[in-house]
Amino acid sequence: MSEPSSRRAVLTGTGIYLPEKIVTNAELAERVDTSDEWITERTGIKQRHFAAPHETASFMGAAAGRAALEAAGLAPEALGAIIVGTSTPDNAFPSTAVHIQAALGANKAFGFDLAAACSGFIYGISVADAMLRAGQVDSVLVIGSEVYSRILNFEDRGTCVLFGDGAGAVVLQARDVAPEDTKSGAGVLSTHLHADGRLADILYVDGATGRRDMSAHLVMNGREVFRHAVSLLAGAVTEALTANGLTAADIDFLVPHQANKRIIDGVGKKLGLAPERVVVTVDKHANTSAASIPLALHEAITDGRIKPGHLVLLEALGGGLTWGSALIRL
Ligand code: ACO
């Protein structure tokens, strides 16, 4: 066996699950004092999926995970670990990850949930990358799965129009990389994670099982989040490029967290990236938090935009605040 230092986490499969029910802006406007025009202009969102009662984070995560394992050609019994980025787990415990483990029959895998809000998928990739490079496991299923429709306050039109439900998953597998292939070979090239708990009160859910008040709704100061998002995300992207000795021109695709088209455009513009190199799905899915990046990544891989060999930069920012990036060669 080669030295752990030559091991790399290679993305070998993606999968998604979206609830059947689609809610358009016009349909939402029947229930909330808003309009298609306002939502489209401020956010780029046209519709979102809302989960039925049986479509929980574990149900959707298992479906996305199963599809990703099939795409990777990896049997569930061979899987080493499952990491689930979610803020809307089925239970406080056991974790969503173990529900998914049971559903998949991934009997040798260990698993855990990771709470980093909309950055959950990036955080998950980073932890999986470290576990794979260290030789702890040979494969990790990283899932983002969210049912934000269950925590939205439909009396607050400033937040309830922004979010949707769904799940996305990727399989990362350890591969040995020859020293001469360090730059051109497939794999996770870098991850950078950040957090600033001083900004916890601009975006949060106001309840959990650790509190007596079990009501739980998303609360957000949208202007403040917006103000921080563009500069922190542009900084995170620059940090990833600098760490790898690259410029924006080297990036084939930016796959940003899908919160808001204006935030996505702002980051793309700061980097000088042509719009066709930025993957956008916020119009169809709205903000699905930890699920948004794997949903967007899957779409751009399956429609043929992102191809083997492409250099893809992922970035996200969410409640915490938490934010970060992952640079991956497919
Ligand atoms: N429909 C119609 N009118 C609305 C709605 C709505 N859904 N929501 C708010 N308004 C009204 C407000 O009441 C206000 O009216 P007023 O001027 O008469 O008082 C007006 O629109 C402007 O409200 P603002 O909140 O100032 O609107 P803003 O231009 O800031 O846009 C938005 C709000 C879209 C939330 C914006 O702040 C934003 O994009 N923030 C980023 C937050 C984000 O995307 N968060 C996602 C989670 S975090 C993450 O994933 C990165």
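**View 1. C118 and C160, two buried cysteines without a bond between them.** In this predicted model, C118 comes out at 7% relative accessibility, so it counts as buried. The cysteine sulfur closest to that of C118 belongs to C160, and at 16 Å it's too far off for a bond. Seen from the other end, C160 is in no disulfide either, with the sulfur of C118 as its nearest cysteine sulfur at 16 Å. C160 is buried too, with a relative accessible area of 0%. For the structure as a whole, the disulfide count is 0. If you want the reasoning spelled out: a disulfide needs its two sulfurs within 2.5 Å, and C118 and C160 have theirs 16 Å apart.

**View 2. Y17 and F59, an edge-to-face aromatic pair.** Searching the whole structure turns up 3 aromatic pairs. In the pair shown here, the ring centres of Y17 and F59 sit 5.7 Å apart and the planes meet at 85°, which makes it edge-to-face. Y17 comes from strand β1 (residues 7-17) and F59 from helix α3 (residues 57-72), so the contact ties together parts 42 residues apart in sequence. Are these two rings buried or exposed? Y17 has a relative accessibility of 17% and counts as buried, while F59, at 37%, is partly exposed. The cut-off for buried is under 20%, which is why Y17 at 17% still makes it.

**View 3. Y148 and F163, a stacked aromatic pair.** Here the rings of Y148 and F163 are stacked, 5.2 Å from centre to centre with 25° between the planes. Both partners are loop residues: Y148 is in the loop between β6 (139-147) and α6 (157-160), and F163 is in the one between α6 and β7 (165-176). The pair therefore ties together parts that are 15 residues apart in sequence. Y148 is buried at 4% relative accessibility, and F163 is buried at 3%.

**View 4. R31 over the ring of F154.** This close-up pairs a charge with a ring: the charged end of R31 sits over F154, 3.8 Å from the centre of the ring.

**View 5. The second largest pocket and its lining.** Rolling a probe the size of a water molecule over the atoms shows where empty space is left. How much space lies in the second largest pocket? About 330 Å³. The lining has 18 residues, and R8, T182, K183, V188 and L189 are the closest to the pocket centre. By character, the lining of this pocket splits into 7 nonpolar, 5 polar and 6 charged residues. Strand β1, helix α5 (120-134) and strand β8 (187-195) each put in at least two lining residues. Which of these elements gives the most to the lining? That's β8, with 3 residues.

**View 6. Two cis peptide bonds, at P94 and L321.** Most peptide bonds are trans. The bond from F93 to P94 is cis, with omega near 0°. You'll find P94 in the loop between β4 (81-85) and α4 (96-104). G320 and L321 are also joined by a cis peptide bond, this one with omega of about -15°. L321 belongs to the loop between β12 (311-318) and β13 (322-329).

**View 7. A286 and S289, positive phi in the loop between α9 and α10.** Most residues other than glycine have a negative phi. A286, not a glycine, has a positive phi near 55°. A286 lies in the loop between α9 (282-285) and α10 (292-302). S289 is likewise not a glycine, and its phi is positive at about 50°. The loop between α9 and α10 holds S289 as well. Both side chains belong to buried residues: A286 has a relative accessible area of 1%, and S289 is also at 1%.

**View 8. L317 in strand β12, with A274 as a distance marker.** L317 is part of strand β12. With a relative accessible area of 7%, L317 is buried. From L317 to A274 is 21 Å in space, C-alpha to C-alpha, and 43 residues in sequence.

Note on methods. Residues are numbered from 1 along each chain as its sequence is written. This is a predicted model: local features need pLDDT of at least 70, side-chain atom pairs count only at pLDDT 80 or more; totals for chains, interfaces and linings use all residues. Side-chain values use heavy atoms; hydrogens and water are left out. Buried means under 20% relative accessible area, exposed over 50%, partly exposed in between (1.4 Å probe, protein chains only). Rings of Phe, Tyr and Trp (its six-membered ring) pair if their centres lie within 6.5 Å; planes under 30 degrees apart count as stacked, over 60 as edge-to-face and the rest as tilted. Helices (H or I, at least four residues) and strands (E, at least two) are DSSP runs, numbered from the N terminus. A charge sits over a ring if NZ of Lys or CZ of Arg is within 6 Å of the ring centre and within 35 degrees of the ring normal. On a 1 Å grid over the protein atoms alone, a cavity is a set of points where a 1.4 Å probe fits but cannot get out, and a pocket is an open set with protein on both sides within 12 Å along at least five of seven lines; lining residues have an atom within 4 Å of a point. Grid points are joined across faces, edges and corners, and a volume is the space filled by probe spheres set on the points. Ala, Val, Leu, Ile, Met, Phe, Trp, Tyr, Cys and Pro count as nonpolar, Asp, Glu, Lys and Arg as charged, and the others, Gly among them, as polar.
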